Amino acid sequence: MNPGSFLSGRAGTERPAVDFSAVRTLLGPIFRHHRGRLLLGFVALLVVDSLQLTIPQLLRHGIDSLTGATATPQSLLLLAGLVLLTAACIGIFRFLWRTMILGFSRHLEQHLRDRIFAHIMIMDRAFFSSWTTGNIMAHASNDLTAVQMACGMGMVAALDAVVMTVAAITLMLLIDVRLTLIALLPMPLLIVCTRLLSRQLHQRFDQVQAQFSLLTEFARTTLVSIEMVKAYTLERMQERRFDELGSRYVRSNLRVAVIQGLLFPVATLVGNIGMLLVLYFGGRLVVHGTITLGGFVAFVSYLYLLVWPMMAVGWVTNLAQRGLTSLGRIHHLLRQQPLLGDQEGVPATLPPCRPRFVFDHLRFTYPGTDRPALQDICLEIGPGITGLTGPTGSGKSTLCRLLLRLYPVPDRTLFLDGHDVNTLSIAAVRGLIAYVGQEVVLFSDTVANNIAFGRSGAGQEEIEAAAKAAAVHEDIMGFSDGYQTMVGERGVRLSGGQQQRIALARALLADRPVLLIDDGLSAIDVDTEQRVLAGIRAHLQGRTVLIVSHRINVLATADRIVVLEEGRIRARGSHRQLLAESGFYRAMMDRQRFDA
Ligand SMILES: Nc1ncnc2c1ncn2[C@@H]1O[C@H](COP(=O)(O)OP(=O)(O)OP(=O)(O)O)[C@@H](O)[C@H]1O
Ligand SMILES: [Mg+2]
């Protein structure tokens with residue numbers, strides 16, 4: 001895999017513009033839902049801030065009582081006790097706001113994650129061709145984290161900064177106005193420095209995340225295609241590429257560490273410039289008796305308390321900006337509409353039917369392309385077995401996808417029992433069909449659960465009956481744990497034919513009125529094929545079956561056969577008829593005999 005391609009998928013659908021309507025629509029409801037928790041958190045935060053501001057006052061009191069020689073051991077003990085109590089209260093309330101507000105940000109993250117997932121579930125194939133997996137994953141990880149950070153620590157730091165700045169500066173002004181102005185002189189420099197550094201930090205952190213995605217994606221694809229890697233003896237090369245990606249990841253982490261290492265020293269340095277000014281000018285004020293020593297100590301403490309809010313200003317603006325941009329991107333994703341949707345007022349269920357699909361001069365072009373994949377299709381697919389064949393790329397799978405309602409069809413071109421499918425519920429139409437795809441999909445689960453996928457709650461007997469009909473029961477009994485054998489990732493423990501038959505058993509167990517097999521018998525040997533076909537026939541009972549196949553034996557058992565070529569119906573009839581009448585079909589069959 002080209003590592004660049006994984007991330008480049010993101011560029012096409014990225015929407016960096018800040019979108020304030022997203023805040024209202026996406027965050028509004030969740031903020032309202034958790035308003036109690038938020039209120040409690042913010043009150044606790046304010047309590048922490050006010051308690052922090054009282055400690056310098058206590059110190060001032062203590063020192064002034066010492067310098068004024070009014071202190072007694074009891075009064076000092078009381079003061080120390082008060083400081084300790086304040087510190088304990090700070091700890092308790094800090095715990096409270098952290099659990100409330102940071103907890104809220106996690107709920108918010110989960111809420112958005114669920115919305116993204118639910119939205120992706122309703123999207124159609126057209127969406128997935130323009131939004132790559134990497135792109136969707138980026139939204140579900142980086143963007144969500146950015147929003148969570150902005151709504152958690154970002155909000156806290158913003159409120160904290162405002163409260164602490166206003167309060168500390170007010171209290172400093174109360175001690176001495178001129179000294180306050182002098183102490184604040186280096187503060188703008190601190191804001192600028194942290195803003196620049198934190199922007200750098202975020203950019204570099206993005207690079208770390210990008211490198212990490214590349215590294216994990218590389219490991220994932222290598223593991224998934226491990227057989228291919230070994231077959232081409234690429235182990236050493238993969239190792240080298242992995243090492244290279246790993247080194248880049250470490251380098252990007254080190255670049256982050258540089259900025260992290262700089263941030264606090266720079267802040268302390270700038271903060272200490274203020275301290276230098278205060279020591280010099282404030283010291284003189286103490287010497288001249290303009291302010292007391294206690295006042296001076298309190299002033300210095302407030303200055304210390306100011307350093308963090310000043311740093312936070314730079315940090316928070318970056319965090320908020322990133323959160324808004326990410327939220328805009330999530331909003332953009334959530335606003336994507338499937339091309340395919342139920343018309344308004346469509347009943348959720350279908351009247352009982354014996355499914356008969358009729359295509360009437362259907363022409364279908366894939367979204368984003370200009371050559372029709374199917375044209376002028378007039379065809380009836382009713383009870384019994386219909387065979388569908390034709391050269392590769394002739395439109396067989398496309399026809400199946402339209403039956404499955406995976407793409408929109410023009411009005412009045414596809415009917416189910418006389419109803420235009422566009423006037424029926426998509427889910428209800430899909431619910432009629434048991435589908436075996438061209439590419440078998442098995443889950444990392446037991447064989448039994450893989451078969452029962454289409455009908456949850458199926459009993460062992462039913463599962464076995466379906467497996468017998470699909471001629472895979474004996475294979476399964478030969479596995480170490482029988483039906484409880486785990487199917488590895490992508491079914492690596494099973495042969496292609498076994499996988500296809502398990503997928504067929506799944507479809508038979510689903511017991512739906514329509515069975516749609518898109519080339520799902522291609523990897524099954526000729527003898528087994530006969531048993532599978534007998535199983536399907538036994539299952540038939542007036543059902544509608546469509547089998548896409550190139551195999552003579554399969555087509556020969558079909559009641560009628562349709563031959564597609566370049567998106568058009570080239571011939572139709574029984575196997576016998578076609579052999580007699582269609583040169584095209586005969587030539588196709590002859591080639592197969594010859595190939596065999
Ligand atoms: N998602 C898609 N977007 C655009 N074009 C597509 C898409 N899927 C298939 N096509 C095009 O539609 C045409 C028919 O493809 P289809 O998959 O239906 O062929 P097929 O008959 O099933 O072939 P095969 O026997 O190889 O499975 C081909 O030209 C193919 O390139
Ligand atoms: Mg196909």
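A residue counts as near a molecule if one of its heavy atoms lies within 4 Å of it. With that in hand, here are some exercises on this predicted model.

**Exercise 1. The shell of ligand 1**

Work out how many residues surround ligand 1, which are the closest, and how the shell divides by class.

*Solution.* Start with the distance cut-off of 4 Å. Applied to ligand 1, it gives 15 surrounding residues. Thr392, Lys396, Ser397, Thr398 and Gln438 are the closest. Next, sort the shell by class: nine residues are polar, four are nonpolar and two are charged.

**Exercise 2. Polar contacts and cover**

Find N or O atoms of Thr392, Ser394 and Lys396 that sit within 3.5 Å of an oxygen atom of ligand 1, then say how much of the ligand the protein covers.

*Solution.* Take the side chains to begin with. In Thr392, a side-chain N or O atom is 2.5 Å from an oxygen atom of ligand 1. For the side chain of Lys396, the corresponding distance is 2.7 Å. Now turn to the backbone: an N or O atom of Ser394 there lies 3.2 Å from a ligand oxygen. Finally, the cover: on its own, ligand 1 has 630 Å² of accessible area, and the protein covers 67% of this.

**Exercise 3. Two salt bridges in helix 10**

For the pairs Arg236 with Glu239 and Arg248 with Glu244, give the N to O distance, the spacing along the helix and the exposure of each partner.

*Solution.* A useful principle comes before the numbers: side chains of opposite charge can pair when their charged atoms come close.

- Arg236 and Glu239 form a salt bridge at 2.6 Å, N to O. These two residues are three apart in helix 10 (residues 235-287), so about one helical turn separates them. Arg236 is exposed at 56% relative accessible area, while Glu239 is partly exposed at 48%.
- In the bridge between Arg248 and Glu244, the closest N and O atoms are 3.3 Å apart. Both residues belong to helix 10 and stand four residues apart, again about one turn. Arg248, at 32%, is partly exposed, and Glu244, at 45%, is partly exposed too.

**Exercise 4. A bridge between distant parts of the chain**

Locate Glu474 and Arg531, and then set their bridge against the total for the structure.

*Solution.* The side chains of Glu474 and Arg531 meet at 4.0 Å, N to O. Glu474 lies in helix 16 (residues 473-478) and Arg531 in helix 18 (residues 526-540), so the pair, 57 residues apart, links distant parts of the chain. Glu474 is exposed, with a relative accessible area of 60%, whereas Arg531 is partly exposed at 41%. The count of salt bridges comes to 15. Elsewhere, Arg106, Glu109 and Arg113 are joined in a network of salt bridges.

**Exercise 5. Positive phi outside glycine**

Compare where Asp417 and Ala471 sit, and decide whether each is buried or partly exposed.

*Solution.* Begin with the backbone angle. Asp417 is not a glycine, yet its phi is positive, at about 50°. Ala471, also other than glycine, has a positive phi near 55°. Then place them: Asp417 is in the loop between strand 4 (414-416) and strand 5 (419-420), and Ala471 is in the loop between helix 15 (460-469) and helix 16. Last, check accessibility, with under 20% as the limit for buried. Asp417 is partly exposed at 30%, and Ala471 is buried at 3%.

Definitions and conventions:
Residues numbered from 1 in each chain as written. Chains lettered and ligands numbered in written order. Predicted model: local features only at pLDDT ≥ 70, side-chain atom pairs only at ≥ 80, totals over all residues. Heavy atoms only, no water. Polar contact = N/O pair within 3.5 Å; in protein donor to acceptor, adjacent residues only side chain to side chain. Areas by Shrake-Rupley, 256 points an atom, 1.4 Å probe, with all protein chains shown as cover. Nonpolar A, V, L, I, M, F, W, Y, C, P; charged D, E, K, R; others polar. Buried < 20%, exposed > 50% of the residue type's maximum accessible area, 1.4 Å probe, protein only.
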